[in-house]
Amino acid sequence: MPKDVLVLSGVLRGQGNTDALLSRLLHGKKSDCLWLAFGGDTVSPCVNCKACKTQSVCRIADGMQKVYSAAQSAKYVVLASPVYFGNLTGFLLDVLSRFQCCFKDGYRTAPIIGPKKEGAVILTAGGYGETAFAEKQARLMLKMLNVENPTMITSYQTDTVSAISDTGALNKIDALRRRWFS
Ligand SMILES: Cc1cc2nc3c(=O)[nH]c(=O)nc-3n(C[C@H](O)[C@H](O)[C@H](O)COP(=O)(O)O)c2cc1C
């Protein structure tokens, strides 16, 4: 059965800051979600085999295939990641590279994947570095899935205040949950 919510999770440490915000958003909705997550799914990086130049799909048979397919029917996409060295985690960077099949000739963008969807980005960071690049990469990935202007939920002082005590982030999560799921 098609799932309403596609979740792309770069979380490496279960029950940490990022997971806490993700769980608050998706509590009770797990059966409506299709997950792509580190530890549960294998995703190869794009290996530039160029198969997608002629067949317009990615030939690598791994966890990404369910993302391409779920993106046709999902209404919502949630991308969640801790910030690592100013970026998304390595797992999500591999996922991002697999949207190369959306590009043709290096310039022209093929149809983005599936109909328009609403989206959200959840990022947490310890607070000792730059985060703008992680935000940009997250927006780019969601754009490939036909999400424009995702709701940005960030908790950027987790070294001193855990994300689950960050009232600003919690308020945004709760508002989004009401808007999407009630
Ligand atoms: C490998 C690694 C790299 C990190 N790089 C950054 C960084 O560039 N900027 C930052 O503010 N925090 C950085 N942090 C801190 C994490 O982003 C922060 O602790 C985050 O809340 C962890 O999320 P989690 O509890 O869901 O694992 C890094 C942590 C690790 C383990």
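**Burial, sheet order and ligand shell in a predicted model**

Author: In this predicted model, the protein has 182 residues and a radius of gyration of 16 Å, which agrees with the value near 16 Å for a compact globule. Its C-alpha atoms fill a box of roughly 50 × 35 × 30 Å along the principal axes.

Reader: What makes the radius of gyration agree with that of a compact globule?

Author: The globule rule takes 2.2 Å times the number of residues to the power 0.38. For 182 residues this gives a value near 16 Å, and the protein has 16 Å, so the two agree. Buried residues make up 38% of the chain. Of the contacts between residues at least 6 apart in sequence, 80% join residues at least 24 apart.

Reader: Which pattern do the helices and strands follow along the sequence?

Author: The protein has 6 helices and 7 strands, and their pattern is β-α-β-α-α-β-α-β-β-β-α-β-α. Five of the strands form an open sheet in the order β2-β1-β3-β6-β7, with parallel pairing. Its edge strands are β2 and β7, and the twist averages 15° from one strand to the next.

Reader: Why are β2 and β7 called edge strands?

Author: Each of them pairs on one side only. Strand β3, by contrast, has a partner on either side in the order β1-β3-β6.

Reader: How do you know that β3 pairs with β1 and with β6?

Author: Pairing requires at least two bridges between two strands. Strand β1 (residues 5–9) and β3 have 5 bridges in the parallel sense, with Leu8 opposite Leu79. Strand β6 (residues 118–124) is joined to β3 by 7 bridges, also parallel, and there Ile122 is the bridge partner of Ala80. Both pairs therefore satisfy the criterion of at least two bridges. The same test is met by β1 and β2, which have 5 bridges; Val5 stands opposite Cys33 in that pair.

Reader: What makes β3 largely enclosed by the rest of the structure?

Author: A residue is buried if 20 or more other C-beta atoms lie within 10 Å of its own. Of the 7 residues of β3 (residues 76–82), 7 are buried, so the strand is largely enclosed. In a regular strand the side chains alternate between the two faces of the sheet. Here both faces are covered: Tyr76, Val78, Ala80 and Pro82 are buried on one side, and Val77, Leu79 and Ser81 on the other.

Reader: How do you know that helix α1 is largely enclosed as well?

Author: Of its 10 residues, 8 are buried, so the same conclusion holds for α1. The buried residues are Asn17, Thr18, Asp19, Ala20, Leu21, Leu22, Leu25 and Leu26. Their cover includes β1, β2, β3, β6, β7 and α6. Just after the helix, Gly28 takes a positive phi of about 80°.

Reader: Why is Lys143 called partly exposed?

Author: Lys143 has 17 other C-beta atoms within 10 Å. Burial would need 20 or more and exposure 12 or fewer, so a residue between these limits is partly exposed. Lys143 belongs to helix α5 (residues 132–144), which lies across β3, β6 and β7 and runs at about 155° to β6. Beyond four places in sequence, Lys143 touches Ile112 and Glu148.

Reader: Which element gives the most to the shell around the ligand?

Author: Helix α1 (residues 17–26) does, with 3 residues. The shell holds 18 residues, the closest being Gly16, Pro82, Ala125, Gly126 and Gly129.

Reader: How many residues of the shell are nonpolar, polar and charged?

Author: The shell divides into 7 nonpolar, 9 polar and 2 charged residues.

Definitions and conventions: Residues are numbered from 1 along each chain as its sequence is written. This is a predicted model: local features need pLDDT of at least 70, side-chain atom pairs count only at pLDDT 80 or more; totals for chains, interfaces and linings use all residues. A residue is near a molecule or strand if its C-beta atom, placed from the backbone, lies within 6 Å of it. Helices (H or I, at least four residues) and strands (E, at least two) are DSSP runs, numbered from the N terminus. Ala, Val, Leu, Ile, Met, Phe, Trp, Tyr, Cys and Pro count as nonpolar, Asp, Glu, Lys and Arg as charged, and the others, Gly among them, as polar. Two residues are in contact if their C-beta atoms, placed from the backbone, lie within 7 Å. Axes are lines fitted to C-alpha atoms, for helices over the stretch in contact, and angles run from 0 to 180 degrees between N-to-C directions.
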